[in-house]
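Subject: Structure for you to look at

Dear colleague,

I am passing on the structure below, together with some notes on what turned up when I went through it. Please read the notes with the structure open beside them.

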Amino acid sequence: MSKTLFIKTFGCQMNQRDSEIIEQLLGQEGYASTDSAKNADVILINTCSIREKAEQKVFSLLGHLREEKTRNPDLLLGVIGCVAQQEGERIKERMPHVDLIVGTQEIFRLPEMLERLTRKITTWEIATNLEASFVIPPFQKLLKNTPPSPPGPQSYKRFVTIMQGCNNFCSYCVVPGTRGREISRPVTDIVEEVEILVSQGVQEITLLGQNVNSYGQTNAVADGPVSFPQLLRRVAAVSGLKRLRFTSSHPKDLTDDLMRCFAELEVLCPHFHLPVQSGSNAVLKRMNRKYTVEQYLEKIAALRGYRPDIALATDIIIGFPGESEADFSATMDLLNRVRFHSSFSFKYSDRPYTRSAGFTDKIPEEVKGRRLTLFQNRQDEISLERNSESLGKIVEVVVEDCDKVSIKGRTGANQVVHMAATSASMAPGDLVGVRIDHAGKHSLKGTLTP
Ligand code: 5AD
Ligand code: SF4
């Protein structure tokens, strides 16, 4: 009988992608993925340490799983991802029932490590080297041998990793410590992976990396220097591809050439996630972001020149050490000037080994909470206004989920759209025209157009 594998994934799309790779890798070893931890033979927790809360969730889940392990002593419990990378053996000290700890660049060792544990050759295993080696190359072969995904959301849209790591060293961020230095994947491998996926029926690709804009600037682009805009053009040219997206971006590396892609490439969706973090130059400087608010605004204006309908999203950290009332007002001003379609905003939290953890002038929790609420309330108002701009228009929507009663889809600008089903048969991945009749702050409602 085949062994069963359950992976719980926290954190970003990089982690989601890593979990998919692991499922395929272990699928080849006879593991069947399940969506329930109950009765699984192997449970892997793919962890995130970006904010304190994310890490707390991991440890509380591991605590709960102690019982599961008592009930079933043969269960193998592994911690992988960013917390595994950062905490290593300390996880075993806190949670002795953990059998396996694997960092972000060692996931390809999982089959051999699980094998040793299953055969009881070792009692526990750890692998946390971080030496800028790329985790992707063996995956190319794996993908060729993998049948297309069964129909569902994953069958028409997929992530493709183009780089890993980060060289920016924002003062608050764990990523250089958990994912290592920046390294780019060869263009030919990326294009080949996209071609394989499209030939299997995938229509939408999101290119992934911690900082995709600096693709090709560091290391290992085996087939010669290629910039991110050049890579985008190569991928956009893959025939059959309908939608192309990318994430994440750093404002300092947003070039005119990349902006031009939004005017040039039809498949590139009019949506850009460009984290600004703060609207105060003094705070940006202490965050080591390497741009000013004025430079950010200039880039936004230029981007809108190339693609007036582009929807902008951002990330904001509220209550960075030393953030004064005036600094916070500057962030509110920026929100009101750019009028982002959406944003992800977080209270600042100290992270291990970051420079800002050592800064003085920490902001009290209640002040962070109050500022966060003010920011989010204003963002909600703006999101509603932005979504209302679509009222009465006919937009192109990709169907994500559908049943006999209702259909859920997504616009190129990344807005979720709900519709009533009609007698026409629908499947995830179908492109449909929808007239927008209602706008909410988080989604739209519409009617299918014939
Ligand atoms: N505290 C709060 N938010 C953080 N982020 C990154 N590090 C921290 C931290 N220490 C946020 C940033 C980033 C997003 C992924 O998480 O806004 O863009
Ligand atoms: Fe979390 Fe960052 Fe690691 Fe992604 S790279 S899992 S966001 S800590």
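**Aromatic pairs and their surroundings**

Tyrosine 172 and phenylalanine 320 are both buried, and please bear in mind throughout that the model is a predicted one. A search of the whole structure gives eight aromatic pairs, and one of them is formed by tyrosine 172 and phenylalanine 320, whose rings meet edge-to-face at 6.4 Å centre to centre with 85° between the planes. This pair links distant parts of the chain, since tyrosine 172 belongs to the loop between β8 (163-164) and α8 (175-179) while phenylalanine 320 belongs to the loop between β13 (311-318) and α14 (325-338), 148 residues apart.

A further edge-to-face pair is made by phenylalanine 246 and phenylalanine 272, with 5.3 Å centre to centre and 75° between the planes. Phenylalanine 246 lies in strand β11 (residues 243-247) and phenylalanine 272 in strand β12 (residues 271-273), so this pair ties together parts that are 26 residues apart in sequence. Phenylalanine 246 has a relative accessible area of 10% and is therefore buried, the cut-off being under 20%, and phenylalanine 272 counts as buried because its relative accessibility is 1%.

Ring pairs also join Tyr172 and Phe320 with Tyr348 and Phe359 into a cluster.

**Charges over rings**

In two places that I noted, a charged side-chain end sits over an aromatic ring: that of lysine 8 is over phenylalanine 10, at 5.3 Å from the ring centre, and that of arginine 51 is over phenylalanine 346, at 3.6 Å from the ring centre.

**The barrel and the domains**

Five strands form a closed barrel in the order β15-β16-β17-β19-β18, and their pairing is mixed. With direction ignored, neighbouring strands of this sheet are turned by 50° against each other on average. Within the barrel, strand β18 (residues 431-439) and strand β19 (residues 443-448) run antiparallel and are joined by five bridges, and arginine 435 stands opposite threonine 447 in β19.

As for the division of the chain, domain 1 covers 3-127, domain 2 covers 139-388 and domain 3 covers 394-448. Between domain 1 and domain 3, the C-alpha centres lie 36 Å apart.

With best regards

Notes: Residues are numbered from 1 along each chain as its sequence is written. Chains are lettered from A and ligands numbered from 1 in the order in which they are written. This is a predicted model: local features need pLDDT of at least 70, side-chain atom pairs count only at pLDDT 80 or more; totals for chains, interfaces and linings use all residues. Side-chain values use heavy atoms; hydrogens and water are left out. Rings of Phe, Tyr and Trp (its six-membered ring) pair if their centres lie within 6.5 Å; planes under 30 degrees apart count as stacked, over 60 as edge-to-face and the rest as tilted. Helices (H or I, at least four residues) and strands (E, at least two) are DSSP runs, numbered from the N terminus. Buried means under 20% relative accessible area, exposed over 50%, partly exposed in between (1.4 Å probe, protein chains only). A charge sits over a ring if NZ of Lys or CZ of Arg is within 6 Å of the ring centre and within 35 degrees of the ring normal. Two strands pair if DSSP finds at least two bridges between them. Axes are lines fitted to C-alpha atoms, for helices over the stretch in contact, and angles run from 0 to 180 degrees between N-to-C directions. Domain bounds come from an automatic or database domain assignment.
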